[in-house]
Amino acid sequence: MTLSRRHFLGAGASFALAGCAAVGGEKPIARVVVVGGGYGGATAAKYIRNWDPRIEVTLVERNEFFVSCPISNLVLAGTKRIEDVTLPYTGLGRYGVKVVRDEVTALDFDKKQVRLARGESLPYDRLIVAPGIDFQFDKVPGLAAAESSGRVLHAWKAGPQTVALRRQLEALPNGGVFAISIPKAPYRCPPGPYERASVIAQYFKQAKPRSKLVILDANPDLVSKKGLFLKAWSDLYPNIIEYRPNSELIEFDAQRNVAKLQVEDFKADLFNIIPPQQAGRIAQPLISVNNLWVGVDFQTFESAKVPGVHVIGDATAAAPGMPKSGFMANNHAKVASDSVIALLTGAPVNREPILTNTCYSFVSDKEAVHVASVHKWDAAQKTVVPVAGAGGVSTARSALEGEYALAWARNIWSDTLG
Ligand SMILES: Cc1cc2nc3c(=O)[nH]c(=O)nc-3n(C[C@H](O)[C@H](O)[C@H](O)COP(=O)(O)OP(=O)(O)OC[C@H]3O[C@@H](n4cnc5c(N)ncnc54)[C@H](O)[C@@H]3O)c2cc1C
């Protein structure tokens with residue numbers, strides 16, 4: 001494969017490159033440690049090795065398997081299984097990435113080391129931090145207790161909670177009321193909650209048609225693909241979905257299953273509460289925006305606070321119009337990998353990165369819609385901004401887009417994990 005790495009920057013997720021063998025026996029020219037093997041971290045680990053196999057790359061991930069949030073709403077709806085969204089990390093070995101299964105417990109910027117739960121420390125020349133999000137359970141009184149009891153789930157990190165919420169939905173009686181609580185933006189995957197509501201409503205329509213699904217949205221309006229979701233709901237689920245804006249969760253009473261909202265108290269048989277979010281906790285010392293997110297230089301994804309440390313994915317404070325998505329994290333990873341290689345080898349950094357995003361959402365078991373955008377460095381504003389006229393949304397939902405959505409998932413899994 002002779003194409004240069006610059007060829008691929010911003011080109012999306014559909015390029016799964018042939019693997020480069022590790023440079024056997026030779027001393028690496030530099031060491032990169034990547035914290036977190038999700039959409040951002042796994043992509044960065046793979047692409048650094050792919051583009052410069054002289055660099056040693058160690059990826060530290062706490063989980064044994066990669067479980068994809070994209071497509072996980074279909075597991076809740078019963079049209080996919082958790083196995084369908086669960087992938088191994090073994091493909092990264094082909095690129096010479098060392099995958100360490102452990103919890104990173106501390107980042108030591110002075111010694112340039114990350115500390116692991118088992119006690120070992122990993123030295124680095126450059127560090128990539130990609131921990132995704134963590135939840136702010138303490139922000140809503142009663143939520144931490146409800147969550148730890150296992151009765152109220154978020155299922156906003158795909159895995160055991162996805163399976164458990166599916167079981168709760170199956171156990172809900174026909175005629176039961178199910179409520180989804182959405183936090184104020186920004187949160188991971190802006191259209192995700194509306195996709196979740198749509199596909200669960202489809203399940204209710206088939207399996208328990210007297211049930212209701214109430215969306216309690218803390219935001220004043222749908223934050224993504226508004227017209228397309230509203231049309232799907234009124235065409236397909238007019239007696240099932242009810243949408244309530246300005247319904248921020250203030251407190252949760254787990255004893256009575258009552259959500260205290262700003263305007264009223266709301267009782268349901270089953271709640272799915274998506275909590276307010278922040279950068280993954282290991283990134284805490286890097287947080288510089290609103291006490292929640294990590295500010296970065298979008299030319300390199302280097303932290304605004306600590307030189308030599310690059311932060312990618314959902315943990316970053318987004319540029320204007322930039323969603324917290326798997327596709328975007330994958331693009332962050334490619335820009336950051338290119339910069340890390342340049343900075344380690346003395347090559348010039350690409351000062352004009354371009355990133356792209358397409359988010360598909362299912363609105364039924366087969367039909368989907370999309371939103372797409374292109375984001376380009378703007379020297380005057382010193383950030384990346386959406387390119388006018390380069391994006392947009394579907395004109396209408398279709399089964400063809402449903403096929404594209406599944407193909408997109410297969411492509412990005414291959415691009416991310418090898
Ligand atoms: C229901 C749902 C549907 C979605 N659908 C889409 C979609 O259709 N398209 C799309 O583009 N995006 C979608 N998203 C969003 C997407 O999942 C996220 O934007 C993406 O996962 C962000 O990637 P990331 O690498 O920042 O974080 P993650 O993918 O969450 O990866 C972070 C990783 O870091 C690990 N980690 C964290 N801290 C530590 C530590 N201290 N030590 C070791 N490991 C650690 C975690 O275990 C995790 O594996 C969806 C999200 C949800 C919830």
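**Cores, sheet and ligand surroundings**

In the largest nonpolar core, which holds 112 residues, the members that touch the most others are Val 114, Phe 178, Leu 213 and Trp 233. Helix H7, spanning residues 326–345, supplies the largest share of this core, with eight residues. A second core, separate from this one, has 16 residues, among them Ala 146, Val 214, Phe 252 and Ala 259. The model described here is a predicted one. In soluble globular proteins, nonpolar side chains tend to be buried together.

The surroundings of Phe 178 illustrate the contacts made by one of these core residues. Leaving aside residues up to four places away in sequence, Phe 178 is in contact with Leu 165, Leu 169, Leu 172, Ile 200, Phe 204, Lys 212, Leu 213, Val 214, Leu 270, Phe 271 and Asn 272. Leu 213 is also among the residues touched by Ala 197, whose other contacts, with the same sequence neighbours set aside, are Ile 180, Ile 215 and Ile 241. Ala 197 belongs to helix H5. Because its relative accessibility is 0%, Ala 197 counts as buried. Between the C-alpha atoms of Ala 197 and Gly 308 there is a separation of 41 Å, and these two residues are 111 residues apart along the chain.

An open sheet is built from four strands, arranged in the order S13-S12-S11-S17 with parallel pairing. Its edges are strand S13 (241–244) and strand S17 (270–273); each of them has a single partner strand, so one side of each lacks a neighbour in the sheet. From one strand to the next, the twist averages 15 degrees. Strand S12, formed by residues 212–217, runs parallel to S13 and is joined to S13 by four bridges. Within this pair of strands, Val 214 is positioned opposite Glu 242 of S13. Val 214 thus appears in the sheet, among the contacts of Phe 178 and in the second core.

Several loops contain backbone geometry that merits separate description. Most residues other than glycine have a negative phi, and most peptide bonds are trans. The peptide bond leading from Ala 185 to Pro 186 is cis, with an omega near 5 degrees. Pro 186 is located in the loop that connects strand S11 (177–182) with helix H5 (192–207). Ile 71, although not a glycine, has a positive phi of about 80 degrees. The position of Ile 71 is in the loop between strand S3 (66–67) and helix H2 (72–77). With a relative accessible area of 9%, Ile 71 is buried, because the cut-off for burial is under 20%. Ala 155, likewise a residue other than glycine, has a positive phi, with a value near 50 degrees. The loop that holds Ala 155 lies between helix H3 (143–148) and helix H4 (160–171). Ala 155 is also buried, its relative accessible area being 2%.

The ligand is surrounded by 34 residues, of which the closest are Gly 40, Glu 61, Arg 188, Asp 314 and Gly 326. A polar backbone atom of Gly 40 is found 2.8 Å from an oxygen atom of the ligand. For Asn 63, a polar side-chain atom is 3.4 Å from a ligand oxygen atom. Ser 325 contributes a backbone N or O atom, which lies 3.4 Å from an oxygen atom of the ligand.

Definitions and conventions. Residues numbered from 1 in each chain as written. Predicted model: local features only at pLDDT ≥ 70, side-chain atom pairs only at ≥ 80, totals over all residues. Heavy atoms only, no water. Core = buried A, V, L, I, M, F, W, Y, C linked by side-chain atoms within 4.5 Å. Buried < 20%, exposed > 50% of the residue type's maximum accessible area, 1.4 Å probe, protein only. Helix = DSSP H or I, 4+ residues; strand = E, 2+ residues; numbered from the N terminus. Contact = heavy atoms within 4.5 Å. Pairing = 2+ DSSP bridges. Axes fitted to C-alpha atoms, helices over the stretch in contact; angles between N-to-C directions. Near = heavy atom within 4 Å. Polar contact = N/O pair within 3.5 Å; in protein donor to acceptor, adjacent residues only side chain to side chain.
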